[in-house]
Amino acid sequence: MFHVENYSESREKNYELVLKQLRALIDGENNLIANLSNASALLNQFLEDVNWVGFYLTEGNQLVLGPFQGLPACVRIPFGRGVCGTAAETQQTQLVADVHQFPGHIACDAASQSEIVVPIVKDDKLIGLLDIDSPIKNRFDELDQAYLEKFVEALLEAM
């Protein structure tokens, strides 16, 4: 349905196209798992140089693996542990250029070198996280952060 060759504009225009595609995919659908499944597939297909794209969902004071694209992953992550746990605890996006320099990093996939984690927060309550890993250091920047935060906001509109 969506092919990488369709993304031939500037990074900003490509992200705008992905946001439009996400909204079309989730329009009229309020099932969280279905929407997160399509969202992870869409991002995995759109983003270059990534090896894991997925979601963790809040359960008590920990995160539980949700829909994703990539190798099998850690099933449960306590708040405050690793990049995801830090994002959950602070409810702030974590943009990590080199995961091996991040205190307490959890290596679910040894190939991962950089990571971005965007909290999904509704009414001041953490619902879960969008987590994206790359086998390349410094893969993610402020532009990725800005648009992935917009991507999460679009998902929140369907919740």
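Tyr-147 is buried, with a relative accessible area of 9%. This residue offers a convenient point of entry into the structure, which is a predicted model. The account below moves from Tyr-147 to its ring partners, then to the nonpolar cores, and finally to a buried aspartate and two loop residues.

Tyr-147 has a neighbour in Tyr-15: the centres of the two rings are 5.0 Å apart and the planes meet at 10°, so the pair is stacked. A small angle of this kind counts as stacked because the limit for that class is under 30 degrees. The two partners come from distant parts of the chain, since Tyr-15 belongs to helix 1 and Tyr-147 to helix 4, 132 residues apart. Tyr-15 is itself buried, with a relative accessible area of 4%.

Tyr-15 also takes part in a pair with Phe-46. Here the arrangement is edge-to-face, with 5.1 Å from centre to centre and 70° between the planes. Because Tyr-15 lies in helix 1 and Phe-46 in helix 2, this pair ties together parts that are 31 residues apart in sequence. Phe-46 is likewise buried, at a relative accessible area of 9%. Through such ring pairs, Tyr-15, Phe-46 and Tyr-147 are linked into a cluster. In total, the structure holds 4 aromatic pairs. Tyr-147 has a further partner of another kind: the charged end of Lys-150 sits over its ring, 4.6 Å from the ring centre.

The discussion now turns to the nonpolar interior. The largest nonpolar core has 30 residues, and those with the most contacts inside it are Leu-22, Leu-43, Leu-130, Ile-132, Leu-148, Phe-151 and Leu-155. Several elements give two or more residues to this core: helix 1 (11-26), helix 2 (32-46) and helix 4 (142-157), together with strand 1 (52-59), strand 5 (114-122) and strand 6 (125-134). Helix 4 provides the largest share, 8 residues. Leu-43 illustrates how such contacts are made. Leaving aside residues up to four places away in sequence, Leu-43 touches Val-18, Val-53, Leu-130, Ile-132, Leu-148 and Phe-151. Another core, of 17 residues, lies apart from the largest one and includes Leu-63, Val-83, Ala-87 and Phe-102.

Helix 4 also contains a charged residue, Asp-144. With a relative accessible area of 1%, Asp-144 is buried, because that class covers values under 20%. When residues up to four places away in sequence are not counted, Asp-144 touches Arg-11, Tyr-15, Ile-116 and Arg-139. Tyr-15, already met as a ring partner of Tyr-147, is thus among the contacts of this aspartate.

Two loop residues complete the description. Most residues other than glycine have a negative phi. Asp-124, however, has a phi near 60°, a positive value in a residue other than glycine. Asp-124 is found in the loop between strand 5 and strand 6, and at 73% relative accessibility it counts as exposed. Asn-138 also has a positive phi, near 60°. Its place is in the loop between strand 6 and helix 4. Asn-138 is exposed as well, with a relative accessible area of 57%.

Terms used
Residues numbered from 1 in each chain as written. Predicted model: local features only at pLDDT ≥ 70, side-chain atom pairs only at ≥ 80, totals over all residues. Heavy atoms only, no water. Core = buried A, V, L, I, M, F, W, Y, C linked by side-chain atoms within 4.5 Å. Buried < 20%, exposed > 50% of the residue type's maximum accessible area, 1.4 Å probe, protein only. Helix = DSSP H or I, 4+ residues; strand = E, 2+ residues; numbered from the N terminus. Contact = heavy atoms within 4.5 Å. Phe/Tyr/Trp six-rings, centres within 6.5 Å; stacked < 30°, edge-to-face > 60°. Lys NZ or Arg CZ within 6 Å of the ring centre and 35° of its normal.
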